[in-house]
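Me: I should like to learn how to read the features of a protein model one at a time. Please take me through them, with the general idea first and the case at hand after it.

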Amino acid sequence: VVAVDSPTNGLSATAQLNITILDINDNNPQFLPLPDPILIPEGLYSPGAPGEVCRITATDIDQGANGMVTLSLSNPSSLFQFREDGTLLATGPLDREKKEAYDLVIVASDQGTPQRKNITGIIVTVTDVNDNEPQFSQETYAKELLVKDAKEGDLVLTLSAMDKDTGNNSLIAYSFSAGSSLLSLHNETGEITLTSDLSNITEDTLLKLTALARDHGQPPRSSTATVLVSLFTTSLTPGVDFSSSVYNFSVAENEPESTLVGTVKALTGNSSVQVTYTLRSHRDLFIVDKQGRISTSQALDKETQEWYTMEVEAVDYRIPPNTAVAMVTVRVEDVNEEPEFSNTSYSATIFSISPYKYPVLQVKATDPDSGENGQLEYSLEEPSSLFDVERSSGQVYVLSVEGQEGQVSLHVKATDPLGLSATIEVEVMIQDSASSDVVVISLNQPVNKVDREILEMERSLGQALGWTVKVISVMSANSFGGGVRSSRDSAKTYVTFITMDASNTVVPSEEVERKLESESEAVQVQLEKVFGEGLEHMVEKGPETPDSTDQTIAIVLGVLLALTVVGLVVMGVVTSVKFKKLKSRNEDSIGIMGIDHPSQELRNSDSETSSTKQKPSGQSNGVTIENMSMNNCDSESRSSAM
């Protein structure tokens with residue numbers, strides 16, 4: 001700002017005016033682009049030995065505490081936690097064979113008042129680790145052969161093993177631990193065949209081999225089974241034998257009872273000899289008839305159990321009877337099914353002062369299907385200007401409820417990738433409230449600890465006060481006063497909440513504050529149950545933070561100073577214009593009267609003007625540019641007269 005004592009050849013002075021614009025919390029935190037896909041290997045993680053999942057970053061363009069962002073999970077989990085730098089950690093055991101993916105809702109909260117939040121959803125996929133050995137369908141495979149009937153290439157047995165892992169970790173290669181000159185094992189199909197016609201076998205021989213099933217993981221894992229092949233040179237004792245020692249069948253899930261799964265066949269060597277079949281296990285799910293046809297006795301669910309392994313026994317009618325046993329493996333195939341919500345309905349109560357993206361509640365649907373068919377997407381059946389739902393997590397949040405009151409009905413839909421869906425009704429009660437209804441208490445606890453215990457704190461405060469408590473925001477006091485964090489020992493957190501009586505009417509803040517004071521001991525006892533001994537709490541007068549009054553004073557003083565400077569500048573400009581107009585009128589008068597010395601006359605005229613406008617003797621010269629000019633002219637007039 002420049003001040004001038006005369007418009008022409010005047011002296012001037014310059015002053016610098018710094019105007020600081022103080023920040024208010026008017027921006028929500030924003031998530032930077034999220035990694036996709038988010039993967040973590042399965043493993044035995046723990047809080048002491050966590051696994052890093054990914055780094056989530058959220059920013060806030062506000063300043064100070066208003067721009068400080070903390071990340072948390074909307075539903076606390078023993079399996080996942082956030083580190084202070086925004087790294088999502090796995091803190092519990094993850095087993096892909098039990099659960100392949102986790103839907104997480106992330107909340108980004110700033111530390112302003114009122115606190116502003118944003119939410120987003122991620123899917124953490126657990127990748128496979130080779131932690132399962134292949135499992136043979138039976139421990140011992142046995143077969144009897146008559147040498148004279150044997151031919152090179154004949155199928156003797158089929159081995160079968162499965163691995164619960166996926167990808168290369170589940171691919172199995174078969175082999176014998178030691179080679180055999182008479183038998184060959186196919187490394188992919190598990191088929192054992194004869195390598196010759198056995199013409200060189202002259203006596204009964206028992207071939208005992210160890211079969212190995214090895215997966216393709218790194219490092220590979222394996223298991224073994226025993227193979228017994230009896231070679232007889234004379235006729236076999238009449239008996240019964242299955243056409244194959246292993247049968248592999250499949251059936252679609254949810255098929256009605258009596259659905260045919262497959263057929264086994266036992267041979268007796270004599271068509272007149274009858275055979276009966278019996279299941280040794282799973283008789284509650286399957287039945288077998290006299291023809292060896294295996295059927296379901298009830299609908300099967302792949303998500304409950306995918307594989308069934310059972311023994312089928314064949315008994316002939318000879319005396320004494322002969323028996324044989326075959327291994328049957330049944331795989332239940334997936335069929336797309338509709339999602340199901342865990343609740344029949346959802347309801348929640350919020351206040352009309354709730355900010356944008358304030359989390360209302362989370363709906364949860366499950367899909368009986370597995371894999372990609374079980375991944376659900378949430379949406380509102382009818383668009384709403386008040387609420388929306390996070391697509392991957394089902395978190396219902398606020399768009400804008402300012403000025404709203406009463407009950408709002410929403411219909412949230414969960415849809416699987418193939419288009420099957422389910423719908424649930426969500427009832428949200430919006431209670432009218434104002435900032436004057438808000439109560440603030442401070443706790444000597446870190447903000448992240450308080451944030452984790454919101455539900456317990458609401459219950460404890462409600463029990464002490466005899467009202468229902470709803471927390472609106474949780475914010476840290478650590479960054480006030482220049483944005484410097486305090487030490488852990490001086491941690492302080494502000495909790496903003498509203499209370500309701502038995503009729504769900506909001507209790508005025510003055511009444512709540514009085515009761516907090518009168519029931520201080522009961523409140524202390526209840527809060528110590530949540531946060532432990534050493535807790536200190538204090539009722540803050542009004543919803544503002546301690547620094548907000550100082551900030552308001554600073555803003556007012558800054559505005560007044562700016563207005564004062566602007567007024568001085570305007571006054572100087574107006575005075576300059578007046579002076580120029582006056583000078584112009586005097587010059588015109590001199591020209592009309594024919595005066596030879598217009599400058600002298602101008603000074604005389606100015607002297608007269610000065611005498612009529614002279615300020616009182618006690619008033620400072622130079623208050624305005626106009627007065628300073630008049631005084632100078634008056635001095636010249638007196639000099640001329642002398």
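Reply: Let us begin with strand pairing, bearing in mind that this is a predicted model. One asks which strands are joined by bridges and in which sense. Here β37 and β38 (residues 395-398) pair in the antiparallel sense, over three bridges. Within β38, tyrosine 397 is the residue that stands opposite aspartate 388.

Me: In what order do the strands of this open sheet lie?

Reply: The order is read across the sheet rather than along the sequence. This open sheet has three strands in the order β34-β38-β37, with antiparallel pairing. β34 (359-362) and β37 (387-389) are the edge strands, each pairing on one side only. On average, neighbouring strands of the sheet are turned by 20° against each other, with direction ignored.

Me: How many helices and strands does the chain have?

Reply: Such a count gives an outline of the fold. The chain has 44 strands and seven helices. Of its 642 residues, 42% are buried. Contact range adds to the outline: among contacts between residues at least 6 apart in sequence, 68% join residues at least 24 apart. The accessible surface comes to about 34800 Å², and carbon and sulfur atoms account for 49% of that area.

Me: Which residues have the most contacts inside the largest nonpolar core?

Reply: A core is read through its members and the elements that supply them. The largest nonpolar core holds 28 residues, and those with the most contacts inside it are Phe136, Leu159, Leu183, Ile192, Val227 and Leu231. Among the elements that give two or more residues to this core are β15 (140-146), β21 (205-215) and β22 (222-232). Another core, of 27 residues, lies apart from it and includes Ile350, Leu361, Leu410 and Ile424.

Me: What does valine 227 touch, leaving out residues up to four places away in sequence?

Reply: A contact list shows the surroundings of a single residue. With those neighbours left out, valine 227 touches Tyr141, Leu157, Leu159, Phe176, Ile192, Leu207, Lys208, Leu209 and Ala211.

Me: Which peptide bonds ending at a proline are cis?

Reply: The omega angle is the value to consult. The bond from threonine 113 to proline 114 is cis, with omega near -5°. Proline 114 lies in the loop between β12 (101-110) and β13 (117-127). The bond from glutamine 218 to proline 219 is also cis, with omega near -5°, and proline 219 is found in the loop between β21 and β22.

Me: Is leucine 198, with its positive phi, buried or exposed?

Reply: Backbone angle and accessibility are best read side by side. Leucine 198 has phi near 65°, a positive value in a residue other than glycine, and its place is the loop between β20 and β21. Leucine 198 counts as buried because its relative accessible area is 0%, below the 20% cut-off. Serine 258 likewise is not a glycine and has a positive phi, of about 75°. Serine 258 is exposed, because its relative accessibility of 53% is over 50%.

Me: Where does threonine 259 lie, and why does it count as buried?

Reply: Threonine 259 lies in the loop between β24 (246-252) and β25 (260-263), the loop that also holds serine 258. Threonine 259 counts as buried because its relative accessible area is 18%, under the limit of 20%. A polar atom of its side chain lies 2.5 Å from the backbone oxygen of proline 256. Not counting residues up to four places away in sequence, threonine 259 touches Val251, Ile294, Ser295 and Thr296.

Definitions and conventions:
Residues numbered from 1 in each chain as written. Predicted model: local features only at pLDDT ≥ 70, side-chain atom pairs only at ≥ 80, totals over all residues. Heavy atoms only, no water. Helix = DSSP H or I, 4+ residues; strand = E, 2+ residues; numbered from the N terminus. Buried < 20%, exposed > 50% of the residue type's maximum accessible area, 1.4 Å probe, protein only. Polar contact = N/O pair within 3.5 Å; in protein donor to acceptor, adjacent residues only side chain to side chain. Contact = heavy atoms within 4.5 Å. Core = buried A, V, L, I, M, F, W, Y, C linked by side-chain atoms within 4.5 Å. Pairing = 2+ DSSP bridges. Axes fitted to C-alpha atoms, helices over the stretch in contact; angles between N-to-C directions. Areas by Shrake-Rupley, 256 points an atom, 1.4 Å probe, with all protein chains shown as cover.
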